[in-house]
Amino acid sequence: MNRKSKNIPVTHVVKRDGRIVPFDEEKIADGISRAAASIGGHQKELSAKLAHEVTQIINENFSVPDMPLVNEIQDNVEKILIDNGHSKTAKAYIIYREYRRREKFKKGRLTERSEERRVGKECRSRWSPYH
């Protein structure tokens with residue numbers, strides 16, 4: 001089934017640790033907003049608009065039963081920020097993203113195995129809630 005032809009939005013995301021969680025555009029907007037705030041920006045409406053652009057890209061590129069990995073969503077956030085002329089916000093987002101990844105390793109919430117799964121594209125359908 002092709003999402004474009006059926007207009008089926010993404011409903012779930014595969015986290016780095018393999019968990020499947022509901023897709024939430026507001027989390028994307030919040031991440032963009034926090035990155036912007038870290039460099040002095042305070043435009044929540046713009047963050048929401050950019051998050052919606054990310055959601056559109058995700059919906060165009062994934063079809064049932066596939067689900068995006070959280071890392072793929074974050075990659076698209078970076079791309080949208082840069083494409084829209086927000087390179088400083090993109091840099092802050094990238095730095096915070098790496099910081100969070102390292103913190104999860106330290107706390108044991110992320111392991112080498114879960115990091116390997118994050119890279120493996122086949123995991124999307126293996127954990128699909130659509131089966």
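What share of the contacts in the protein chain between residues at least 6 apart in sequence join residues at least 24 apart? Keep that in mind as you read; the notes below begin with the reply.

1. **Contacts along the chain.** The share is 64%, counted among contacts between residues at least 6 apart in sequence. Please remember while you look around that this is a predicted model.

2. **The elements.** Try tracing the protein chain from its N terminus: the order is α-β-β-α-α-α-α-α-α. That gives 7 helices and 2 strands.

3. **Inside and outside.** The protein chain has 131 residues, and 40% of them are buried. About 8000 Å² of the chain is exposed, and carbon and sulfur atoms supply 51% of that area.

4. **A pair of helices.** Now find helix 2, residues 25-38, and helix 5, residues 87-106. A handy idea first: two packed helices are described by the angle between their axes and the distance between the axes. Here the angle is about 110° and the axes lie 8 Å apart. Angles of 65 to 115 degrees count as roughly perpendicular, and helix 2 and helix 5 are therefore roughly perpendicular to each other.

5. **Who touches whom.** On the helix 2 side, the contact is made by Gly31, Ile32, Arg34, Ala35, Ala36 and Ser38. Helix 5 contributes Thr89, Ala92, Tyr93 and Tyr96. Sorted by class, the contact of helix 2 with helix 5 has 6 nonpolar, 3 polar and 1 charged residues.

6. **Two rings on helix 5.** Searching the whole structure turns up 1 aromatic pair. Its rings belong to Tyr96 and Tyr99, with centres 6.2 Å apart and planes at 35°. Why is the pair called tilted? Planes under 30 degrees apart count as stacked and those over 60 as edge-to-face, with the rest as tilted, so the 35° between the planes of Tyr96 and Tyr99 makes this pair tilted. Tyr96 and Tyr99 are 3 residues apart in helix 5, so about one helical turn separates them. Tyr96 also takes part in the contact with helix 2.

7. **How covered are these tyrosines?** Tyr96 has a relative accessible area of 40%, so it is partly exposed. Tyr99 is partly exposed as well, at 46% relative accessibility.

8. **A loop residue to look up.** Gly41 sits in the loop between helix 2 and helix 3 (44-61). With 25% relative accessibility, Gly41 counts as partly exposed. Measure along the sequence and Gly41 is 48 residues from Thr89, yet in space their C-alpha atoms are 8.5 Å apart. Thr89 is one of the helix 5 residues in the contact with helix 2.

Definitions and conventions. Residues numbered from 1 in each chain as written. Predicted model: local features only at pLDDT ≥ 70, side-chain atom pairs only at ≥ 80, totals over all residues. Heavy atoms only, no water. Helix = DSSP H or I, 4+ residues; strand = E, 2+ residues; numbered from the N terminus. Buried < 20%, exposed > 50% of the residue type's maximum accessible area, 1.4 Å probe, protein only. Contact = heavy atoms within 4.5 Å. Areas by Shrake-Rupley, 256 points an atom, 1.4 Å probe, with all protein chains shown as cover. Axes fitted to C-alpha atoms, helices over the stretch in contact; angles between N-to-C directions. Parallel < 35°, antiparallel > 145°, perpendicular 65-115°, else oblique. Nonpolar A, V, L, I, M, F, W, Y, C, P; charged D, E, K, R; others polar. Phe/Tyr/Trp six-rings, centres within 6.5 Å; stacked < 30°, edge-to-face > 60°.
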